[in-house]
Amino acid sequence: MQYKINLLLLNILSFLFLTTCEKQKIKLSKQDDLSKDSVYQFLKKENLYHYPEKLAASLDSANLNHRQIYSFCQKISDSNQKMLLATAVCQKIDNYTNENKTEYWSSIMFDLERFGEYIEVVRTPEHKSFMDVGSANGEKLYAALCLGFEKVYGIEYSPELLEISHDFLESYKNEGKVALRLADALAVEGEYYAQADLIYMYSPIKDHAPMAKLYHKIFQNMRNGAILIEVRMVYSKELRQISQLDFPNMMGLFAVRRQGNHYEYLTYDSYRKNWHKLEKLPQSAK
Ligand SMILES: C[S@@+](CC[C@H](N)C(=O)[O-])C[C@H]1O[C@@H](n2cnc3c(N)ncnc32)[C@H](O)[C@@H]1O
């Protein structure tokens, strides 16, 4: 008797399990078929963004991929929302750490929300292309695409990280929106840096002297009107020596713009944004 009851219970449980799976399958296949409009409606829901830590799970449960999120980002203007979405997408990408080259920073990534905020402060509508010097797993390249840059360039010296970014961004690469290069940013030809309107880096190199050398190389080669953003400007003394320009002792985020034969650096607050000419060092300071 007990045996029959157990068998009956087992059958009921199997039935319930299979029905749930079937329902799940139907639900997923429906979500796979989400029309462009329903993807838009889903991602537009404001409450989706109230708990950023749950956003990745919500995107997963709706079966949304990075392409659909990228397309959605092209239709909205809120850069904060774009960066929340990019964060949810990018947290799943591997971030290989190369412990061998201790002179270089490896997998430390700059916060995407702060990245988005700063890009919006410095960029103008003329800035169409973006470059990340030390592009790691491609996170900032994807974020820049989401922010509306038409073409993004990534240079990375770690083959493992470059491969991760390649796998992640392959479809955009095939559309000509992404160009990746495996190279040492210090060794690459200077013209490489003339390709982008907005060049970004998060100090790839730890020591101040080689980092100032890399900065100066990019700075000298950037195109007219281009902007160079450094997240961790801590080597202005070394930069003054190399460039003979009066770089201010500003720490942290630092942007410089090329204007014909001279350069300008940015200061800003909530009310204003000012570009100041980088003057030549006075003879006495040399
Ligand atoms: C601090 S991480 C920044 C990652 C990403 N750009 C960001 O802002 O979140 C620095 C990156 O630069 C790469 N890197 C370090 N030295 C480099 C060099 N000389 N040439 C190219 N890439 C380099 C590292 O492998 C790492 O991916």
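Modeller: Let's start with one term: the bend at a residue is the angle between two fitted axes, one for the seven residues ending there and one for the seven starting there. Please keep in mind that this is a predicted model.

Colleague: Thanks! With that in hand, where does α8 bend, and by about how much?

Modeller: At F168, where the bend is about 60°. By the definition, that is the angle between the axis of the seven residues ending at F168 and the axis of the seven starting there.

Colleague: What span would a straight helix of 16 residues have, and what does α8 span?

Modeller: A straight one would span 22 Å at 1.5 Å a residue, whereas α8 (residues 159–174) spans only 20 Å between its end C-alpha atoms. Just beyond α8, G176 adopts a positive phi of about 80°.

Colleague: And which elements do the buried residues of α8 pack against?

Modeller: Their partners are α7 (139–146), β2 (151–156) and β3 (178–182). The buried set of α8 includes F168, the site of the bend, along with L161, L162, I164, S165 and L169.

Colleague: How does the reach of helix α5 compare with the expected value?

Modeller: Helix α5 (residues 79–90) has 12 residues and reaches 16 Å from first C-alpha to last, close to the 16 Å expected.

Colleague: What makes you call α5 largely enclosed?

Modeller: The count does: 9 of its 12 residues are buried, so the rest of the structure largely encloses α5. Among the buried ones are M83, L85 and V89. The packing partners of the buried residues are α3 (52–61), α4 (66–75), α6 (112–122) and α7.

Colleague: Why is N221 called partly exposed?

Modeller: N221 has 18 other C-beta atoms within 10 Å. Buried takes 20 or more and exposed takes 12 or fewer, so 18 falls in between and N221 is partly exposed. This residue lies in helix α9 (residues 208–221), and beyond its sequence neighbours within four places, N221 is in contact with G190, E191, Y193 and A194.

Colleague: How do you know that R232 counts as partly exposed?

Modeller: By the same cut-offs: R232 has 17 C-beta neighbours inside 10 Å, so R232 counts as partly exposed. R232 sits in strand β5 (residues 227–233) and touches Y202, S203 and G252, leaving out residues up to four places away in sequence.

Colleague: Lastly, which residues come nearest to the ligand?

Modeller: Of the 22 around the ligand, G134, A136, A185, Y202 and P204 come nearest. By class, that shell has 14 nonpolar, 4 polar and 4 charged residues.

Conventions
Residues numbered from 1 in each chain as written. Predicted model: local features only at pLDDT ≥ 70, side-chain atom pairs only at ≥ 80, totals over all residues. Helix = DSSP H or I, 4+ residues; strand = E, 2+ residues; numbered from the N terminus. Expected span 1.5 Å × (residues − 1). Contact = placed C-beta atoms within 7 Å. Near = placed C-beta within 6 Å. Nonpolar A, V, L, I, M, F, W, Y, C, P; charged D, E, K, R; others polar.
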